[in-house]
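Trainee: I am new to this protein and would like to understand how the words used to describe it are justified. Could we go through them one by one?

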Amino acid sequence: MLKTHHGIELSTSNANVVALYEQALNHIHRYEAGTGAKIKAMLTEQPDFWAGHLLFGTVLATATEARFMPKIRKIVDQVSQAQDKLNDRERGHLSALSAFSQGQWREAGFHWGKILTDHPHDSLALHAAHQIDFITGDDYNLWSRAARVLPLWNEDIPNYANLLGMYAFGLEETNFFSKAEDIGRRCCELDPRDAWGHHAVGHVLEMECRFEEGINWYESRRSEWADDSELSVHNWWHLALYYVEREDFAGAIALFDEQISLEEPDYVLRLMDATALLWRLHLRSVDCGDRWQKLADRWVGKIAVEGGFYAFNDFHAMLALMMGERWSDFKQLRDQIKTQAQQPTTLGVMARDISIPLASAVEAYGKNRCEEAVSILDQVKPLVYRFGGSEAQRDAVDQFHIGAAIKGGLGRAALALAHERTLKKEESPLAWRFAGEAYKLMGDEVSADNANTKAIRLLS
Ligand SMILES: [Fe+2]
């Protein structure tokens with residue numbers, strides 16, 4: 001047994017392997033590119049380093065792509081056969097990854113959390129649990145897991161800054177914006193390469209409608225979060241959201257073309273961010289040219305493997321297929337979702353409770369049955385937090401709801417939803433634009449003018 005620089009015991013006697021494990025962790029915590037190379041070097045150095053295999057499986061798990069599940073299951077099988085070579089903590093990781101591989105993502109989070117109780121410096125367990133909380137919409141644990149261990153850490157312990165980044169994001173998602181910003185900025189001071197810390201501050205600036213500050217935050221620190229980062233596309237997407245708010249649609253499209261919707265490397269998070277941006281532009285009546293068609297093509301290439309796997313991914317696939325009018329592919333996706341919905345797992349429950357009604361709403365919107373879409377969204381919207389993602393990402397559903405009401409000419413519904421939005425985001429030009437359209441539908445030209453004037457004042 002050797003110990004890592006976190007004091008965590010690993011079942012190996014090879015110091016080089018421990019060093020490579022620590023380096024891989026550093027990449028994981030910062031979301032830096034190159035994690036795969038570190039893992040490969042580690043497992044080449046010691047092919048039977050089972051804790052390293054578990055780390056590899058955990059990295060694959062947090063990608064939330066079905067294509068990685070066979071490899072994750074293979075790792076679980078291999079490591080299960082070597083259980084007597086593991087310590088208790090490593091067996092905890094095996095239990096977590098095993099639950100994950102069976103679609104029981106909440107149970108996986110429980111196991112990773114249990115490890116943290118006994119080993120509060122196990123930063124891999126913390127990273128995994130944090131990501132599970134994020135993708136299952138568990139906002140309570142999203143901040144509390146970091147809070148439970150934070151007093152036991154200090155600046156002298158490696159990756160302390162990255163722990164602050166997780167804590168900041170959890171605070172932001174639970175609406176402790178001021179504290180989240182302070183801690184997120186401290187994270188980036190201590191470790192300027194922490195893309196998650198940048199992201200946490202970016203979320204605060206989005207939620208507080210501080211759009212110009214958001215642009216400055218990302219632009220001025222671009223080399224820290226954009227270069228060689230697995231999270232760069234998502235951070236580019238956040239930057240584009242500020243452009244949408246300030247109605248610089250050409251700027252948002254340029255970011256879409258130049259940074260977000262690239263062909264390589266091709267992964268689902270990229271397609272989701274691309275879809276989420278085009279969706280917001282569509283709801284502002286921006287002509288996106290043939291971008292929807294190209295995006296739908298890419299989703300069609302994905303759904304044979306990814307369709308029906310994870311509800312949050314599926315929602316974005318549905319939007320792209322609907323906008324590209326790929327109705328036969330849409331039907332295929334819906335059938336895959338129905339199959340998943342029969343499973344008694346975290347993923348099955350998400351599919352049953354969220355994806356199935358959302359698919360009906362998306363189809364209804366695409367086929368101009370907007371009253372039906374609004375009615376379905378009225379019922380499913382309170383549940384969508386359970387399919388994970390951030391508040392900013394799930395805003396795609398909120399905007400869908402308002403957009404469907406406006407498209408359907410449903411003035412009262414549009415106005416109610418616009419009221420909800422303007423009270424929540426009083427400094428958002430977008431919220432007032434929606435309000436302007438809702439008032440117009442109600443025939444209230446004076447209020448519509450006032451709402452648009454407010455939007456213009458906020459934009460100046
Ligand atoms: Fe985000």
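Mentor: What follows takes several descriptive terms and sets each against its definition. This is a predicted model, in which local features need pLDDT of at least 70 and side-chain atom pairs count only at pLDDT 80 or more, while totals for chains, interfaces and linings use all residues. Residues are numbered from 1 along each chain as its sequence is written.

Trainee: Why does Tyr31 count as buried or exposed?

Mentor: A residue is buried if 20 or more other C-beta atoms, placed from the backbone, lie within 10 Å of its own, exposed if 12 or fewer do, and partly exposed in between. Tyr31 has 25 C-beta neighbours inside 10 Å and therefore counts as buried. Tyr31 sits in the loop between helix H1 (15-30) and helix H2 (35-45), where helices are DSSP runs of H or I with at least four residues, numbered from the N terminus.

Trainee: Why does Cys209 count as buried, exposed or partly exposed?

Mentor: Cys209 has 19 C-beta neighbours inside 10 Å, so it counts as partly exposed. Cys209 lies in the loop between helix H11 (195-207) and helix H12 (211-220).

Trainee: What makes the phi of Cys209 worth a remark?

Mentor: Most residues other than glycine have a negative phi. Cys209, which is not a glycine, has a positive phi of about 60°, and for Tyr31, also a residue other than glycine, phi is near 60°.

Trainee: Why are H18 and H20 called roughly parallel or something else?

Mentor: Two packed helices are described by the angle between their axes and the distance between the axes. The axes, which are lines fitted to C-alpha atoms over the stretch in contact, with angles from 0 to 180 degrees between N-to-C directions, come within 10 Å and cross at roughly 10° for H18 (residues 311-323) and H20. Angles under 35 degrees count as roughly parallel, over 145 as roughly antiparallel, 65 to 115 as roughly perpendicular and the rest as oblique. H18 and H20 are therefore roughly parallel to each other.

Trainee: What is meant by the largest nonpolar core, and how many residues has it?

Mentor: A nonpolar core is a set of buried Ala, Val, Leu, Ile, Met, Phe, Trp, Tyr and Cys residues joined through C-beta atoms within 7 Å. The largest has 157 residues, and those with the most contacts inside it are Ala240, Leu277, Met318 and Ala414. Helix H20 (residues 346-366) gives the most to this core, with 11 residues.

Key
Helices (H or I, at least four residues) and strands (E, at least two) are DSSP runs, numbered from the N terminus.
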